[in-house]
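Reader: Before I use any of the labels attached to this structure, I would like to see each of them set against its definition. Could you take me through them with the structure in view?

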Amino acid sequence: MNTDDTRELLREIDTYVEDLFSPSDEILEAALRDSRRAGLPEINVSPNEGRLLQLLVEMVGARRMLEIGTLGGYSAIHFARALPEDGALISLEIDEHRAGVARNNVERASLSQKVNIQVGDAHELLSTLIEDDEGPFDVIFIDADKESYPDYLDASLQLVRPGSLILGDNTIRGGTVLNPQDATARATREFNERIARDPRLSSIVLPLIRERIDGLTIARAL
Ligand code: SAH
Ligand code: DHB
Ligand code: MG
């Protein structure tokens, strides 16, 4: 099968699963529409990955969550929906404009009570969370600048307890991690390797398909 046929098949499979498990949802669609109108890049998780993330959060019965990289709040809405009424999500975003779009999207979803979007560089915000003893979080989702994934892993390890999940988005990146040619792919590969060999973690990289193949790293703190 040639590359175009493979891409088409990947797209069809992704759509097949999406049609089965992600019926149309006005709030999520409005969040994507407003994000697009506000000029945000369309790099949110896919509906299928959103469902997978929601399921993982439900499976561990998470109450307190941390997200690194908010964008327009599309993944945050999935997480907040998976949390109980008194649950809380802290989401970190460096870009004030994006954080504003996300706050509106979260408000429309009636989830503002559970979601606290903090604006700033995640490196600094994470140091503050550690200093202020804000952990442990039950689930941490790493989805900001890929070059910083190894740093975000170090910080995350200080903010979890045994049984917590550390998740990393975009950890296959079309296969560029196999033979990294740039800083992003190198950092992503280092992130996966460190997670794989860390004796404090039990982990896997789950390849995910969309229009291209990407992946979600899933680690459970022991
Ligand atoms: N989780 C979102 C997508 C996040 S895209 C979703 O799936 O809906 C990655 C986001 O990380 C971008 O909005 C970008 O502005 C933000 N980001 C990049 N570098 C950052 C940093 N150093 N600190 C905090 N956020 C950062
Ligand atoms: C990019 C970032 C993401 O978080 C994502 O899910 C897809 C792409 C990017 O920076 O290209
Ligand atoms: Mg991502």
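Author: Two strands count as paired if DSSP finds at least two bridges between them. In this predicted model, seven strands form an open sheet in the order E3-E2-E1-E4-E5-E7-E6, with mixed pairing.

Reader: What makes strand E3 and strand E6 the edge strands?

Author: Strand E3 (115–119) and strand E6 (201–209) each pair on one side only, and they are therefore called edges by the rule that pairing takes at least two bridges. From one strand to the next, the twist averages 15°.

Reader: How do you know that strand E1 and strand E4 pair?

Author: Pairing requires at least two bridges, and strand E1 (residues 64–68) and strand E4 (residues 137–142) have four bridges in the parallel sense, so they count as paired. As for the partners, glutamate 67 is bridged to phenylalanine 141 in E4.

Reader: Which helix lies across strand E2 and E3?

Author: That is helix H5 (residues 96–108), which lies across strand E2 (88–93) and E3 and runs at about 170° to E3. Angles run from 0 to 180 degrees between N-to-C directions, so a value of about 170° for H5 and E3 falls towards the upper end of that range.

Reader: What describes the packing of helix H7 and helix H8?

Author: Two packed helices are described by the angle between their axes and the distance between those axes. For helix H7 (residues 149–157) and helix H8 (residues 183–197), the angle is about 35° and the axes are 8 Å apart. On the H7 side the contact involves Tyr149, Pro150, Leu153 and Asp154, while H8 contributes Ala187, Glu190, Phe191, Arg194 and Ile195. By class, this contact holds six nonpolar and three charged residues, with no polar ones.

Reader: What makes the approach of arginine 98 to ligand 1 a polar contact?

Author: The cut-off for a pair of N or O atoms is 3.5 Å, and an N or O atom in the side chain of arginine 98 is 3.0 Å from an oxygen atom of ligand 1, so the pair qualifies. The side chain of aspartate 145 has an N or O atom 3.1 Å from a nitrogen atom of ligand 1, and a polar side-chain atom of tyrosine 152 lies 3.2 Å from a nitrogen atom of this ligand. Of the 590 Å² of accessible area that ligand 1 has on its own, the protein covers 92%. The ligand is surrounded by 19 residues, and the closest are Val45, Ser75, Glu93, Ala122 and Asp143.

Reader: Why do the atoms of aspartate 143 and ligand 2 count as a polar contact?

Author: A polar side-chain atom of aspartate 143 lies 2.8 Å from an oxygen atom of ligand 2, which is within 3.5 Å, and therefore the pair meets the definition. Asparagine 170 also places a polar side-chain atom 2.8 Å from an oxygen atom of ligand 2, whereas isoleucine 43 uses a backbone N or O atom, at 3.0 Å from a ligand oxygen. Taken alone, ligand 2 exposes 290 Å², of which the protein buries 65%.

Reader: Where is proline 136 found, and what is the peptide bond leading to it from glycine 135?

Author: Proline 136 sits in the loop between helix H6 (122–131) and E4, and the bond from glycine 135 is cis, with omega near -5°.

Technical notes. Residues are numbered from 1 along each chain as its sequence is written. Chains are lettered from A and ligands numbered from 1 in the order in which they are written. This is a predicted model: local features need pLDDT of at least 70, side-chain atom pairs count only at pLDDT 80 or more; totals for chains, interfaces and linings use all residues. Side-chain values use heavy atoms; hydrogens and water are left out. Contact means heavy atoms within 4.5 Å. Ala, Val, Leu, Ile, Met, Phe, Trp, Tyr, Cys and Pro count as nonpolar, Asp, Glu, Lys and Arg as charged, and the others, Gly among them, as polar. A polar contact is a pair of N or O atoms within 3.5 Å; within protein, one must be able to donate a hydrogen and the other to accept it, and residues adjacent in sequence count only if both atoms are side-chain atoms. Accessible areas come from the Shrake-Rupley method with a 1.4 Å probe; for residues, only the protein chains shown count as cover. A residue is near a molecule or strand if one of its heavy atoms lies within 4 Å of it.
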